[in-house]
Amino acid sequence: MPPVVGDIHLDWNADTWAADPDLQIIVWTAEPGIPSHDSLRLLASWAADPGHSISGSSV
């Protein structure tokens, strides 16, 4: 993880598609109300902003 948000503890779930069992999607989540959730939301907001760069950030 980027050092600006620190360690993030996530849960995950692997889902398959019945029509193609070789295809999987991994869904990563963080429980609301814990610091990992806030960190994940911060990273997601940066991903939604193509102009934002985390390199050299001083958050």
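Reader: Hello! Where does Ser39 lie?

Author: Welcome! Keep in mind that this is a predicted model. The protein has one helix and two strands, and Ser39 is found in helix H1.

Reader: In what order do the elements of the protein run from the N terminus on?

Author: There are two strands and one helix to place. Strand S1 covers residues 11-17, while strand S2 covers 20-29 and helix H1 covers 35-48. Read from the N terminus, that gives β-β-α.

Reader: Is Ser39 buried or exposed?

Author: A residue counts as buried when its relative accessible area is under 20%. Ser39 has a relative accessibility of 12%, so Ser39 is buried.

Reader: Which residues is Ser39 in contact with, leaving aside its neighbours within four places in sequence?

Author: Ser39 sits in helix H1. Once those neighbours within four places are set aside, the contacts of Ser39 are with Val5 and Ile8.

Reader: Which residues in H1 are buried?

Author: Across the 59 residues of the protein, 15% count as buried. Ser39 is one of the buried residues in H1, and Leu43, with a relative accessible area of 17%, is buried as well. The full list for H1 is Ser36, His37, Ser39, Leu43 and Trp46.

Reader: How far apart are the C-alpha atoms of Leu43 and Val4?

Author: Leu43 belongs to helix H1. Along the chain, Leu43 and Val4 are 39 residues apart. In space, their C-alpha atoms are separated by 9.7 Å.

Reader: Is Arg41 buried or exposed?

Author: Arg41 is also placed in helix H1. The cut-off for exposed is over 50% relative accessible area. Arg41 reaches 57% relative accessibility, so Arg41 counts as exposed.

Reader: How far apart in space are Arg41 and Ala30, C-alpha to C-alpha?

Author: In sequence, Arg41 and Ala30 are eleven residues apart. Measuring from C-alpha to C-alpha in the model, the gap between Arg41 and Ala30 is 9.3 Å.

Reader: What span should the 14 residues of H1 have, and how far apart are its end C-alpha atoms?

Author: The expected span takes 1.5 Å times one less than the number of residues. For the 14 residues of H1 this comes to 20 Å, so it agrees with the distance between the end C-alpha atoms, 20 Å.

Reader: Where is Ile34 found, and what is its relative accessible area?

Author: Ile34 is in the loop between strand S2 and helix H1. The C-alpha atoms of Ile34 and His9 are separated by 9.4 Å, though their places lie 25 residues apart along the chain. Ile34 is partly exposed, and its relative accessible area is 29%.

Reader: How many aromatic pairs does a search of the whole structure find, and which residues form an aromatic pair?

Author: The search finds one aromatic pair. It is tilted, with 6.5 Å centre to centre and 45° between the planes. The pair links distant parts of the chain, strand S1 and strand S2, 16 residues apart. Its two members are Trp12 and Trp28.

Reader: Which residues make the nonpolar surface patch of about 370 Å²?

Author: Trp12 is exposed, with a relative accessible area of 55%. Trp28 has its place in strand S2. Together with one further residue they make the patch, whose members are Trp12, Ile26 and Trp28.

Reader: What share of the exposed area of the protein do carbon and sulfur atoms supply?

Author: The protein exposes about 4,700 Å². Of that area, carbon and sulfur atoms supply 56%.

Terms used: Residues numbered from 1 in each chain as written. Predicted model: local features only at pLDDT ≥ 70, side-chain atom pairs only at ≥ 80, totals over all residues. Heavy atoms only, no water. Helix = DSSP H or I, 4+ residues; strand = E, 2+ residues; numbered from the N terminus. Buried < 20%, exposed > 50% of the residue type's maximum accessible area, 1.4 Å probe, protein only. Areas by Shrake-Rupley, 256 points an atom, 1.4 Å probe, with all protein chains shown as cover. Patch = residues over 30% accessible without salt bridge, like charges linked within 9 Å, V, L, I, M, F, W, Y side chains within 5 Å. Salt bridge = Lys/Arg side-chain N within 4 Å of Asp/Glu carboxyl O. Phe/Tyr/Trp six-rings, centres within 6.5 Å; stacked < 30°, edge-to-face > 60°. Contact = heavy atoms within 4.5 Å.
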